Number of protein chains: 2
Amino acid sequence: MMTAPYHLTRRDVAGLDLFRGLPAAALDEVLVKTQCRVLARDCRVFNQGDGHIRAHALLKGSVRISQSGRDGKQIVVRFIAASEMFGAMALFTDRRYLADAETLTEVVEVSWSEPDLLNLMTRYPQVAINALKVVGRRIQEAQYRVRELSTQPVDRRVAHTLLRLAKQAGRRAHDGVTIPFPLRRKDIGDICGTTLYSVSRVLTVWERQGFLVSQDQQLTITKLSAIERIADDEHTSPV
Amino acid sequence: MMTAPYHLTRRDVAGLDLFRGLPAAALDEVLVKTQCRVLARDCRVFNQGDGHIRAHALLKGSVRISQSGRDGKQIVVRFIAASEMFGAMALFTDRRYLADAETLTEVVEVSWSEPDLLNLMTRYPQVAINALKVVGRRIQEAQYRVRELSTQPVDRRVAHTLLRLAKQAGRRAHDGVTIPFPLRRKDIGDICGTTLYSVSRVLTVWERQGFLVSQDQQLTITKLSAIERIADDEHTSPV
DNA sequence: GCGACGATTTGCGCTGGAGCAAACGCCGAC
DNA sequence: GTCGGCGTTTGCTCCAGCGCAAATCGTCGC
């Protein structure tokens, strides 16, 4: 599970949204409080309900955040890419993780204890303000998802989901934009509130129309404009 | 629109989550920066997209926060009761209001400008940390709604919605818990992602069964346990 | 008192998409 | 090479609940 150690530098923490705009001295202080781990693929970073809460961020790799109810049904809350923070909301609510976090690739993960982070926020208010910015973006996104789920049909929701993932972490490839997470149909369904069957049907059609290619759980959007049209068109068919 | 002036005291701001735990001197400072308005029923506090952003809180009355897409479909993001803050996320995202806010009753509303609030947060980091707590609770709630919309049938969603409203602002009445917002069927539908028709059908059944009474847009839950059972039962019918 | 408007209820038909089951393709283990 | 497991595709059935229309009930303005 734990592999080679990773040598942490000031650059590493300086690149995180949470510590943007801090003076070098503060960054060094952050560095001291940072715990760093290297984790293999398919391994739990934390579990829903756990009480040993820390605030986390990724330096490398990707993580899936998912939430499940007692009925076994689960949703994917979000995918985390390098440089993003996660698991920090637990510190400000009921002091338990609200979701599961599982590595999708090998990752380098850093984290801070609750007292350390609160201490940093108190002495460098910019850290708290940065956190508010991150959380603000996420709440906006969550509300957007609520609206989607309430008002839009499955194909539009899938389209929005792909666009959001592409915007969050997409990489230009020779033939379009690649989404750098290993995505199963089930994951996509769990993000946008549908079943793996419906996702499969929708993607198959789009692939036939040349809007995207899907292989090995890697998805490349080759005709962004087409997907955007599907996502935004008030009525799916013009008529 | 603006009626009688309201005399603001230190107590008023001390009761807000945002300023919890501040020393008296700080509260006085907050007081100076506070703008206070009295608004009539059915009037806009701000509009989705507006750029003159401020952070708001209610001292009295209630407000409906709703969001609508170009297609006209709208959702209700939440209801705001006295002492709650709202509209503040705009300061930390794209500096436009993300939703509409409309008064449901006569209200007393206070607000702060962006520079004033950031200034306060910088000098009293506790304010930023308080804000994180509020936002954390809301993000948790938003994610919960996403999961509900993805996995649960209409009656369960309505039940959850009523319970959430009751928990947020419910008042003990002689015959149960009253939800103190003027609620139309459409509002309930817009909160939990269904139509006013479906809400009506569900509520009618529950009213016949004696779980609640509904009159004049006032809703009283008379049998909380029954509603909770509906909301939580893994399978709606026990078999 | 009367008409208009807003909220609610209820009947009914229709469909998006959930939820099986079955088949297929691919890869890694042995 | 063969087998088993995982992810995916696709056909088919079925129903929750959307959305329209129409009736009912207040309430407010005039």
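## A tour from chain A to the DNA

Start with chain A: residues 24 or more positions apart make up 67% of its contacts with a separation of 6 or more. Keep in mind that this is a predicted model.

**Stop 1: chain A alone.** Hide everything else and colour by secondary structure. You should find 8 helices and 12 strands in chain A. Now turn the chain around. Its C-alpha trace spans about 60 × 40 × 35 Å along the principal axes. How does the radius of gyration of chain A sit beside that of a compact globule? For 239 residues, such a globule would have a radius near 18 Å, and the 19 Å of chain A agrees with this. As for the interior, 43% of the 239 residues in chain A count as buried.

**Stop 2: add chain B.** Show both chains in separate colours. Two copies of a chain are related by a rotation about an axis and a shift along it. What rotation superposes chain A on chain B? It is 180 degrees, with 0.0 Å of shift along the axis and an RMSD of 0.0 Å. That is the relation of a two-fold axis. Both copies use the same surface, since 100% of the contact residues of chain A recur in chain B.

**Stop 3: the contact between the chains.** Select the residues where the chains touch. Chain A provides 35 residues and chain B provides 35 residues. Stay on the side of chain A that touches chain B. Which elements give two or more residues there? Select β5 (74-80), α3 (114-123) and α4 (125-151) of chain A. The most comes from α4(A), with 20 residues. Next, colour this side of chain A by residue class. You will see 16 nonpolar, 10 polar and 9 charged residues.

**Stop 4: DNA strand D.** Turn on strand D and select the residues around it. There are 17 of them. Which come nearest to DNA strand D? Label A:Arg184, A:Arg185 and A:Ser200, then B:Pro153 and B:Ser198. The nearest residues thus include some from chain A and some from chain B.

Now look at the elements behind this surface. Those that give two or more residues are α6 (185-192) and α7 (196-208) of chain A, together with α7 (196-208) of chain B. Select α7(A) by itself: this helix gives the most to the surface near DNA strand D, with 6 residues.

**Last stop: the classes near the strand.** Colour the surface near DNA strand D by residue class. Here the residues divide into 6 nonpolar, 7 polar and 4 charged.

Note on methods. Residues are numbered from 1 along each chain as its sequence is written. Chains are lettered from A and ligands numbered from 1 in the order in which they are written. This is a predicted model: local features need pLDDT of at least 70, side-chain atom pairs count only at pLDDT 80 or more; totals for chains, interfaces and linings use all residues. Copies are superposed by least squares on the C-alpha atoms of residues with pLDDT of at least 70 in both. Two residues are in contact if their C-beta atoms, placed from the backbone, lie within 7 Å. Helices (H or I, at least four residues) and strands (E, at least two) are DSSP runs, numbered from the N terminus. Ala, Val, Leu, Ile, Met, Phe, Trp, Tyr, Cys and Pro count as nonpolar, Asp, Glu, Lys and Arg as charged, and the others, Gly among them, as polar. A residue is near a molecule or strand if its C-beta atom, placed from the backbone, lies within 6 Å of it. The radius of gyration is taken over C-alpha atoms; the globule rule is 2.2 Å times the number of residues to the power 0.38. A residue is buried if 20 or more other C-beta atoms lie within 10 Å of its own, exposed if 12 or fewer, and partly exposed in between; C-beta atoms are placed from the backbone.
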